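Subject: Structure handover

Hello,

Here is the structure I promised to pass on to you. Please open it alongside this message, and my notes follow below.

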Amino acid sequence: MERAKGILYAALSSSTFGLAPLFTLLLLGLGYSSFEVLSYRWGVASLFLGALALLAGRSFRLSWPELRTVFFLSLFRAATSLSLVIAYQHIASGVASTIHFMYPLAVALAMMCFFREKGSVWVFAAIGMSIVGASGNVDFTQGDTLAGMIAAAVSVFSYAGYIVGVRKSRAVGIDSTVLTCYVMGLGALYFIAGGLVTGGIRIETDGTAWLCILGVALPATAVSNMTLVQAIKRIGPTLTSIFGAMEPLTAVVIGVWVFAEPFTAKGAAGILLIVAAVSVVVLRSRKG
């Protein structure tokens, strides 16, 4: 029963993560800047998670070393969200999400380079497959695709840095909801500061816009992060990573259906290559 719950949580987490491009692009279409989108997304999500933590009786007290760790982790996590929004503005959201899904490969590389984990030919083969899949999935003749690809690549390495940091720092001993609340709260402050410097943050009163804000902040951020933790606790990071393939697939479906983004056989092959590459890595690490 616990395994079944874990699989359900993992599927729910990855599919709700995949909703982020939908609500982000809708807000960008309403004239929001990247900083405005992320200020509302992270601000509302952190308030929601903070309320849940308080209701559950969690303690927010951290030591100074823990606060320093949370600060650095928040920088990695904020860089991930900002780079993804920039990628959405230059390449198809489904393509950006698919490239972002390469983060387990970056995690594997970081663990080998910085923590002396044993290397594997499978990891390097998977990296090659994912690069071919990503490059073959982008039309370089339309728009500033180079900027989009670079931004999506930044999201891969910044998110990998966040994951490695959580696993290999003092953050591992902090309650998951409290940690996520702190990280998102600090990120919201960064984005608000960025918005104020680059043109300001609007005070939204429109009901339609608030539906988009709640959509990106609650299911695509708060719920996805909470269910991710529940999945890892029940079935471990390996199986959870495999079910993470639903994230780019959800984003691709929404991009094609809602935003009329092109979807070709070449694009489908690229997605399959990346998903296969990540699956190879997590399955081989599970055997090891």
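A word on one term before the findings: a residue is called buried when its relative accessible area is under 20%, exposed when that area is over 50%, and partly exposed in between. Please also keep in mind that this is a predicted model.

By that yardstick, Tyr32 and Tyr40 are both buried. They are a good place to start, as several findings meet there. Searching the whole structure gives eight aromatic pairs. In the pair made by Tyr32 and Tyr40, the ring centres are 6.2 Å apart and the planes stand at 65°, so the arrangement is edge-to-face; the cut-off for that label is an angle over 60 degrees. Trp210 joins Tyr32 and Tyr40 in one aromatic cluster. Tyr32 also has a charged neighbour: Arg202 lies over the face of its ring, 4.2 Å from the ring centre. Tyr40, for its part, has a partner that is remote in sequence. Leu214 is 174 residues away along the chain, yet the two C-alpha atoms are 8.7 Å apart in space. Leu214 belongs to helix α10, which covers residues 207–243, and it is partly exposed because its relative accessible area is 36%.

Helix α10 has another contact of this kind to look at. Arg234, also in α10, is 229 residues from Lys5 in sequence, with a C-alpha to C-alpha distance of 7.5 Å. At a relative accessible area of 27%, Arg234 counts as partly exposed.

Now for the overall picture. The protein has 12 helices and zero strands, so you will be looking at helices throughout when you read the pattern α-α-α-α-α-α-α-α-α-α-α-α along the sequence. Of its 288 residues, 50% are buried.

Helix α2 deserves a look in that light. It spans residues 20–29, and eight of its 10 residues are buried, so the rest of the structure largely encloses it. The buried set is Ala20, Pro21, Leu22, Phe23, Thr24, Leu25, Leu27 and Leu28. Just after α2 comes Gly31, with a positive phi of about 95°.

Next, a helix pair. Two packed helices are described by the angle between their axes and the distance between the axes. For helix α6 (residues 103–114) and helix α8 (residues 145–167), the axes come within 8 Å and cross at roughly 55°. The two helices are therefore oblique to each other, and the crossing of α6 and α8 is right-handed.

Two side-chain details round off the list:

- His100 lies in helix α5, residues 93–100. With a relative accessible area of 4%, His100 is buried. Its side chain makes a polar contact with the side chain of Ser155, at 3.1 Å.
- Arg77 has its charged end over the ring of Tyr162, 5.9 Å from the ring centre.

If you have time for one spot, I would suggest Tyr32: you can view its edge-to-face pairing with Tyr40, the cluster with Trp210 and Arg202 over its face in one go.

Happy viewing, and best wishes

Technical notes
Residues are numbered from 1 along each chain as its sequence is written. This is a predicted model: local features need pLDDT of at least 70, side-chain atom pairs count only at pLDDT 80 or more; totals for chains, interfaces and linings use all residues. Side-chain values use heavy atoms; hydrogens and water are left out. Helices (H or I, at least four residues) and strands (E, at least two) are DSSP runs, numbered from the N terminus. Buried means under 20% relative accessible area, exposed over 50%, partly exposed in between (1.4 Å probe, protein chains only). A polar contact is a pair of N or O atoms within 3.5 Å; within protein, one must be able to donate a hydrogen and the other to accept it, and residues adjacent in sequence count only if both atoms are side-chain atoms. Rings of Phe, Tyr and Trp (its six-membered ring) pair if their centres lie within 6.5 Å; planes under 30 degrees apart count as stacked, over 60 as edge-to-face and the rest as tilted. A charge sits over a ring if NZ of Lys or CZ of Arg is within 6 Å of the ring centre and within 35 degrees of the ring normal. Axes are lines fitted to C-alpha atoms, for helices over the stretch in contact, and angles run from 0 to 180 degrees between N-to-C directions. Angles under 35 degrees count as roughly parallel, over 145 as roughly antiparallel, 65 to 115 as roughly perpendicular and the rest as oblique. A crossing is left-handed if the near helix is turned anticlockwise from the far one by less than a right angle, and right-handed if clockwise.
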